[in-house]
Amino acid sequence: MTNYKPKDFAELLGVSVKTLQRWDREGTLKANRTPTDRRYYTYDQYLQFKGINIENDKRQVVIYARVSTRNQKDDLQNQVAFLRQFCNAKGIIIDQCIEDYGSGLNYNRKKWNELLNEVMEHKIKTIIVTHKDRFIRFGYDWFEKFCMKFNTSIVVVNNEELSPQEELVQDIVSILHDFSCRLYGLRKYKKQIEGDEEIAQELQNGNKSDSRAKSQD
């Protein structure tokens, strides 16, 4: 499950790192230790701190797999098979398997939005993905914290092989295309302004007024 550094865990609880250190010394909330003696905290500790009964938590465990296009159906099935194998090895019972198609840059994916709605309805306990970009290409940390607000954890198995490289290329091309279109639109708008004598004259008069005001200051 997810482990947290003291700084991230303190932010999650809304306390300072010094408070965590004091709680650790006093035994109020003991930190775990790595072999190199670094402190860390777990998701279960977060739930216990919030007073949530872990044993009686009946919410769903969901595996979420995504590819950009239906031509990548084999990649999608590989993700699902890997996640099921992972859960079986860990003794995790899967309640729901979501197979999604759509770019990781697309925030309007129907199944993804339905999953977030279920998170907000306190129906989801854990979401398991092969890699962060299967859930969302950018802004993963924000969405992880968002889910945590509803006591939902995201488990990232971190299987790089199941994060298709061609998708990353497609997403980069999509971003470049979007910004190119915006840049073209700005240039076109600039030409329209320059071609409109009335607007150009107003802008010119405005610039002169600003210059006079600055010289008076």
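Reader: Where is the place of Asp37?
Author: Keep in mind that this is a predicted model. Asp37 isn't part of a strand itself; its place is in the loop between S2 and S3.

Reader: And is Asp37 buried or exposed there?
Author: The cut-off for exposed is over 50% relative accessible area. Asp37 comes in at 52% relative accessibility, so it counts as exposed.

Reader: What is phi of Asp37?
Author: Asp37 is a residue other than glycine, yet its phi has a positive value. That phi is near 70°.

Reader: What about His122, is it buried, exposed or partly exposed?
Author: His122 lies in the loop between H5 and strand S6 (124–129), and its phi is also positive, about 60°, although His122 is not a glycine. Partly exposed runs between 20% and 50%. With a relative accessible area of 44%, His122 is therefore partly exposed.

Reader: Back to S2 and S3: what is the strand order of the open sheet?
Author: The sheet has 3 strands with antiparallel pairing. Strand S1 (3–4) and strand S2 (32–33) each pair on one side only, which makes them the edge strands. The order is S1-S3-S2.

Reader: Which residue in S3 is the bridge partner of Asn32?
Author: S2 and strand S3 (residues 39–42) pair in the antiparallel sense, over 2 bridges. For Asn32, the bridge partner in S3 is Tyr40.

Reader: Which helix packs on that sheet, and at about what angle to S3?
Author: The helix touches both S2 and S3. It's helix H2 (residues 17–26), and its direction makes an angle with that of S3 of about 90°.

Reader: Within what arc do the buried residues of H7 fall?
Author: The buried residues in H7 are Tyr140, Phe143, Glu144, Cys147 and Met148. Looking down the axis of H7, you see them line one face of the helix, because they fall within an arc of 145°.

Reader: What do the buried residues of H7 pack against?
Author: Quite a list, with both helices and strands in it. The partners are S1, helix H1 (6–13), helix H3 (43–49), helix H5 (110–120), helix H6 (132–135) and S7.

Reader: How many Å apart in space are Lys149 and Val119?
Author: Lys149 lies in the loop between helix H7 (140–148) and strand S7 (153–156). At 56% relative accessibility, Lys149 counts as exposed. In sequence, Lys149 and Val119 are 30 residues apart, while C-alpha to C-alpha the distance is 9.5 Å.

Technical notes:
Residues numbered from 1 in each chain as written. Predicted model: local features only at pLDDT ≥ 70, side-chain atom pairs only at ≥ 80, totals over all residues. Heavy atoms only, no water. Helix = DSSP H or I, 4+ residues; strand = E, 2+ residues; numbered from the N terminus. Buried < 20%, exposed > 50% of the residue type's maximum accessible area, 1.4 Å probe, protein only. Pairing = 2+ DSSP bridges. Contact = heavy atoms within 4.5 Å. Axes fitted to C-alpha atoms, helices over the stretch in contact; angles between N-to-C directions. Arc of directions from axis to C-beta.
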